[in-house]
Amino acid sequence: MGMCRRQFTKEFKLAAVQRLEQGVSIAEVARALEVNPNVLHRWRREFRQAPGNVFSGNGKRRWSEGRVAELERKVGGGPRIVRS
């Protein structure tokens, strides 16, 4: 059985980072919230880089819609028109 990736809300991440910013150690927060310390390091780094727009989405999109459409046109994977 494969493990499912846990998803955390923006509020949860902000609360975790707030505890770190208050001086609580990474190890303590990680144990209390049952989160890997490496994840906390990443969240804190992201927060410090862009505090106003942090944790805004559900991850990064690998392909933009325009790029997918462009690639489909190149390989002929776009919508098919059937003529009778």
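Among the contacts in the chain with a separation of 6 or more, 46% are accounted for by residues that lie 24 or more positions apart. The model from which this value was computed is a predicted one. Its secondary structure comes to 4 helices and 0 strands, and the order of the elements, read from the N terminus on, is α-α-α-α. Of the 84 residues in the chain, 17% are buried, while the area that the chain exposes is about 7,500 Å², of which carbon and sulfur atoms supply 49%.

The packing of one pair of helices can be followed in detail. Two packed helices are described by the angle between their axes and by the distance between those axes. For helix α2, which spans residues 26–33, and helix α3, which spans residues 37–49, the angle is about 115 degrees and the axes are 9 Å apart. Because angles of 65 to 115 degrees count as roughly perpendicular, α2 and α3 are therefore described as roughly perpendicular to each other. The crossing in which α2 passes α3 is right-handed.

On the side of α2, this contact is made by Ile26, Val29 and Ala30, and on the side of α3 by Pro37, Leu40, His41 and Arg44. When the residues of the contact of α2 with α3 are divided by character, 5 are nonpolar, 1 is polar and 1 is charged. Under this division, Ile26, Val29 and Ala30 of α2, together with Pro37 and Leu40 of α3, fall in the nonpolar group, whereas His41 counts as polar and Arg44 as charged.

Technical notes:
Residues are numbered from 1 along each chain as its sequence is written. This is a predicted model: local features need pLDDT of at least 70, side-chain atom pairs count only at pLDDT 80 or more; totals for chains, interfaces and linings use all residues. Side-chain values use heavy atoms; hydrogens and water are left out. Axes are lines fitted to C-alpha atoms, for helices over the stretch in contact, and angles run from 0 to 180 degrees between N-to-C directions. Helices (H or I, at least four residues) and strands (E, at least two) are DSSP runs, numbered from the N terminus. Angles under 35 degrees count as roughly parallel, over 145 as roughly antiparallel, 65 to 115 as roughly perpendicular and the rest as oblique. A crossing is left-handed if the near helix is turned anticlockwise from the far one by less than a right angle, and right-handed if clockwise. Contact means heavy atoms within 4.5 Å. Buried means under 20% relative accessible area, exposed over 50%, partly exposed in between (1.4 Å probe, protein chains only). Accessible areas come from the Shrake-Rupley method with a 1.4 Å probe; for residues, only the protein chains shown count as cover.
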